[in-house]
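Let's take a walk through this fold, one strand pairing at a time. Have the model open and follow along.

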Amino acid sequence: MDLMNKKQTFDAEGFLKIEGFLSEEQIQEIESELSHYLQTMVPTLPMGDIVYETEASFWERREIRNLWRMEKYSEYLAALARQKDVLELVGTLVNGEPVLMAVELFAKPAHIGSAVPYHQDNAYFNLAPPDALTCWLALDDSTVENGCVYYVRGSHRQGLLPHKASLVPGNSYGLARIPGPAEVDEVPGIIGRGGIVLHHCCLLHRSEKNRGERSRRGLLLVYKAAHCQIDPVGMEQYQAAARALQSHLAAQGRLS
Ligand SMILES: O=C(O)CCC(=O)C(=O)O
């Protein structure tokens, strides 16, 4: 599929899936950088840049749910996000010069990896115009069993829907009203290791708990176009939700 066909699909559906975007060799290189990151960076990270799973095993085995702002700590990952073919594709889809916002990990460990509530990323970003996207890179085969992301086809065209504090560590903001199954055309983002799914920042999406035997790691490269501005009113609402989560965790003694 050429770039213009990819753009047509992305504009119409709000997401675009490309199997085998990275080779097995590249994925192994990323994995080796990740193990280095876990050993050397994770012990030094500030609280805001790491989130642990909160299931019963929390105190015994601290399984990582999310790593945020990884581009700050890993030159390798920052360079990966600047790869020419990635920037060319992203620039076409965001209608302008691509600017990296973040590199993140959604680790979703086997058995306990927690669900992500329905949300639109732009409820967090508050960008106008909403020319931003996430490139979700599968480090494992992502299946229904291990908690793939579900995308609501065409939902990016509705604009931003009301969100509220979700109190979910790692995803503090969620859709205020959860749509019924008949209201949405939801597509499971089943994708093989090395594949990518790019989704528009206004696309409604969620993921379920990992009920499988294997982890479901997604490495997220998040971009906006250079011409985007931040809407301060929306940003204040999101930050209030983030503060509500912090107070909730502090009240439970879980801010450690
Ligand atoms: O990986 C997941 O389960 C959720 C990812 C997500 O929310 C996103 O890509 O914006």
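Start at L67, whose bridge partner in strand 4 is L105. That pair belongs to the link between strand 3 (residues 64-67) and strand 4 (residues 98-106), an antiparallel match held by two bridges. Keep in mind that we're looking at a predicted model here.

Now turn to strand 14 (residues 218-225), which pairs with strand 4 over eight bridges, again in the antiparallel sense. For a landmark, find V99: its bridge partner in strand 14 is K224.

Next come strand 7 and strand 12 (residues 196-200), an antiparallel pair with five bridges. Here C135 sits opposite L198 of strand 12.

Put these pairings together and you get an open sheet of seven strands, ordered 1-12-7-14-4-3-2, with antiparallel pairing. Strand 1 (15-18) and strand 2 (50-52) are at the edges with a single partner strand each, so each has one side without a neighbour in the sheet. On average, neighbouring strands of this sheet are turned by 15° against each other, ignoring direction.

What lies across strand 1 and strand 12? That's helix 1 (residues 3-13), which runs at about 135° to strand 1.

Finally, look at the ligand. Among the residues around the ligand are F106, K108, D121, W136, H205 and L220. Strand 7 (132-138), strand 13 (205-207) and strand 14 are the elements that each supply two or more residues to this shell. Sorted by class, the shell comes out as five nonpolar, four polar and two charged residues.

Note on methods:
Residues are numbered from 1 along each chain as its sequence is written. This is a predicted model: local features need pLDDT of at least 70, side-chain atom pairs count only at pLDDT 80 or more; totals for chains, interfaces and linings use all residues. Two strands pair if DSSP finds at least two bridges between them. Helices (H or I, at least four residues) and strands (E, at least two) are DSSP runs, numbered from the N terminus. A residue is near a molecule or strand if its C-beta atom, placed from the backbone, lies within 6 Å of it. Ala, Val, Leu, Ile, Met, Phe, Trp, Tyr, Cys and Pro count as nonpolar, Asp, Glu, Lys and Arg as charged, and the others, Gly among them, as polar. Axes are lines fitted to C-alpha atoms, for helices over the stretch in contact, and angles run from 0 to 180 degrees between N-to-C directions. Two residues are in contact if their C-beta atoms, placed from the backbone, lie within 7 Å.
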